[in-house]
Amino acid sequence: MRMTSGFIPTLRETPAEAEIPSHKLMLRAGFLRRAAAGIYTYLPLSHRVLMKIMQIIREEMNAAGGQEILLPIVQPAELWHATGRWVDYGEEMFRLKDRHGREFCLGPTHEEIITSLVQGEVSSYRQLPLLLYQIQNKYRDEIRPRFGIMRGREFIMKDLYSFDVDQRGLDESYQKMYQAYSNVFARCGLETKAVLADSGAIGGSLTHEFVVLADCGEAIIVYCANCDYAANVEKAECRPLPREDGEPMPLEKVSTPGQKTIEQVASFLGIAPARLIKTLLYKSDDEVIAALVRGDHELNEVKLARIVGTLQLAPADEETILRVTGAPAGYCGPVGLQNVRLIVDHAVAALVNGVAGANEEDAHLLNVNMGRDYEPDLVTDIRLVKAGDPCPKCGTALLGARGIEVGQIFQLGTKYSEALRAYYLDEKGEQKPIVMGCYGIGVTRTMASIIEQHHDEHGIIWPMSVAPFHVHIVSLGDKELALAEELYEQLTSSGVEVLLDDRDERPGVKFKDADLIGIPIRITIGAKSLAEGKVELKLRSGEWEGKLAPDEVCGKVRELIASKGA
Ligand code: 9G3
């Protein structure tokens, strides 16, 4: 491609709306333009990168036994009613009506559609396992689209669905996908971590997220430097602590006027927050739940919701707190609570002589002991794990990080096959529900994540495997252009992808744009190179540079491309 004819509208300034490096750089380097909030146009350089990422994904999905299909974006509401998800996703779903008034949605995901397809075609165990995938736009009306294509309302996803006869089959499909995902991200030059995650509303059980460590990431993960434990904090577990030493002392009510928060009560009573029992009231449907965590810990609401078995778990309002405890918020405690389900974190169960609200305004209780002063309905792990907590597998202090979720794999089980009656006959002729898994990669988000992991203050540094071009030739003048054109032809005819900056621009402008666009290999042809009969080659990553005679260039370039794994 020649830059005099290529559609690459680079910008000098960074548009104000861009907050993170990948968004800034994609706008400035002429990769992306915004059409509406969360809706983007991918310009030629982006398109070339996306094609390469998709090619890598296709190769790995096909190698794992996947067959590519293309599912409809416009999906009939009936299927979503059958699985009960038409209402679950409310505002986030883009909905539309056809000319007959029939309801449809723009596909945010494709479990319903593909299970319905398989339901109509698969009837025997001989037809399984089946791995079907697509690479297609998805639509989700995010309440706050942000960070450019990192959280868009229209984005490209590869979604594969596995169909097996039983759990063992699913485990095999899941492992194949786990490995395929590791291959995809490594080949894209992305360093990812596979972390245990919560399966959320999608249901099913085991799920892993593949995250790219980045400060702008929205996923918060913990991982162990000593063993392979890694988890999204929504899911991360921690070890139960041994029960403390010490004899239970007599319960004692103390006056704590106006002391409501953990910090206030702790400093007023001169005790550590870890001695306190934080009692948090929640309403789920018609039940009130008290979640007890230690004063220096946070409640993990995702864990609580999973234990309570509901998606709608809301903190109790003032009125409920007053009605249930007899006191305003801040004085709530487990002792004497009626008709409230007590779910107690392990760390609270380990406390001896803890301090809790007295369920009376301006009063707290000292020497609260589980078993004597209150009976738990359940003692379990409802704590939000954080960096520094002991690894649940080996006890080493966990490290914390933020990550961008670029892939997620789920064991779905039979939730969708039961709902849509996707059954098969086994070898004994018995009818069984198909056991499913689903596996997504955010293709556009992967491109942005590669930039997050590969850039410097001057611009993008594309890994060779996904770069829009392999070589960027910068010709610094008219006389140099002839040699540039010659090299362009020679490289192109030997299969090298070349971007030639043949514009009539000052060298500084050309170098700035070349740094911004981030093509891995740069060839500079200036007056000096003509005089010495040499051209300058250098890697945008800074790893190597050298001067070569024009007839050595092609060989060196092919060697550099091969060594960079394209
Ligand atoms: C919806 C809307 C948003 C959604 C979903 C449904 C996320 C939804 C989870 C998944 C699970 C997997 C297959 C590929 C990998 C991810 N946001 N999810 O189901 F209606 Cl509006 O999409 N699907």
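Helix H7 (262-269), strand E14 (277-284) and strand E18 (354-357) each put at least two residues into the lining of the second largest pocket. That's a handy place to start a tour of this model, which is a predicted one.

**The second largest pocket**

The volume of this pocket is about 340 Å³. Its lining counts 22 residues, and the closest to the pocket's centre are Lys278, Thr279, Leu280, Gly330 and Cys332. Of the elements involved, E14 gives the most to the lining, with six residues. Sort the lining by class and you get 15 nonpolar, five polar and two charged residues.

**The whole chain**

Let's step back for a moment. The protein chain has 566 residues, and 52% of them are buried. Its secondary structure adds up to 16 helices and 31 strands. Draw a box around the C-alpha atoms along the principal axes and it comes to roughly 95 × 65 × 50 Å.

**Around the ligand**

Now for the ligand. Which residues come nearest to it? There are 17 residues around the ligand, and the nearest are Arg85, Pro108, Thr109, Glu111 and Arg140. Strand E8 (154-164) and strand E24 (435-442) each bring at least two residues to this shell. By class, the shell holds 10 nonpolar, two polar and five charged residues.

Three of the side chains have polar atoms that pair up with atoms of the ligand, as the table shows.

| Residue | Ligand atom | Distance |
|---|---|---|
| Arg85 | oxygen | 2.8 Å |
| Thr109 | nitrogen | 2.8 Å |
| Glu111 | nitrogen | 2.7 Å |

How much of the ligand does the protein bury? On its own, the ligand exposes 510 Å², and the protein buries 91% of that.

**Some backbone details in the loops**

A few loops are worth a visit too. Take the peptide bond from Leu128 to Pro129: it is cis, with omega near 5°. Pro129 itself sits in the loop between helix H5 (111-121) and strand E7 (130-139).

Next come two residues with positive phi values. Asp285 isn't a glycine, yet its phi is positive, at about 50°. You'll find Asp285 in the loop that runs between E14, the strand we met at the pocket, and strand E15 (287-294). Is Asp285 buried or exposed? Asp285 counts as exposed, because its relative accessibility is 62% and the cut-off for exposed is over 50%.

Arg421 is the other one: its phi is near 55°, again a positive value in a residue other than glycine. Look for Arg421 in the loop between helix H11 (415-419) and strand E22 (423-425). Its relative accessibility is 53%, so Arg421 counts as exposed as well.

**A buried loop residue**

Asn369 makes a good last stop. Where does Asn369 lie? Its place is the loop between strand E19 (363-368) and strand E20 (378-380). With a relative accessibility of 1%, Asn369 counts as buried, because buried means under 20%. A polar atom of the Asn369 side chain lies 3.1 Å from the backbone oxygen of Asn367. So among the loop residues visited here, Asp285 is exposed at 62%, Arg421 is exposed at 53%, and Asn369 is buried at 1%.

Technical notes: Residues numbered from 1 in each chain as written. Predicted model: local features only at pLDDT ≥ 70, side-chain atom pairs only at ≥ 80, totals over all residues. Heavy atoms only, no water. Near = heavy atom within 4 Å. Polar contact = N/O pair within 3.5 Å; in protein donor to acceptor, adjacent residues only side chain to side chain. Areas by Shrake-Rupley, 256 points an atom, 1.4 Å probe, with all protein chains shown as cover. Helix = DSSP H or I, 4+ residues; strand = E, 2+ residues; numbered from the N terminus. Nonpolar A, V, L, I, M, F, W, Y, C, P; charged D, E, K, R; others polar. 1 Å grid on protein atoms, 1.4 Å probe; cavity = no way out; pocket = protein on both sides within 12 Å on 5 of 7 lines; lining within 4 Å. Points joined across faces, edges and corners; volume = space filled by probe spheres on them. Buried < 20%, exposed > 50% of the residue type's maximum accessible area, 1.4 Å probe, protein only.
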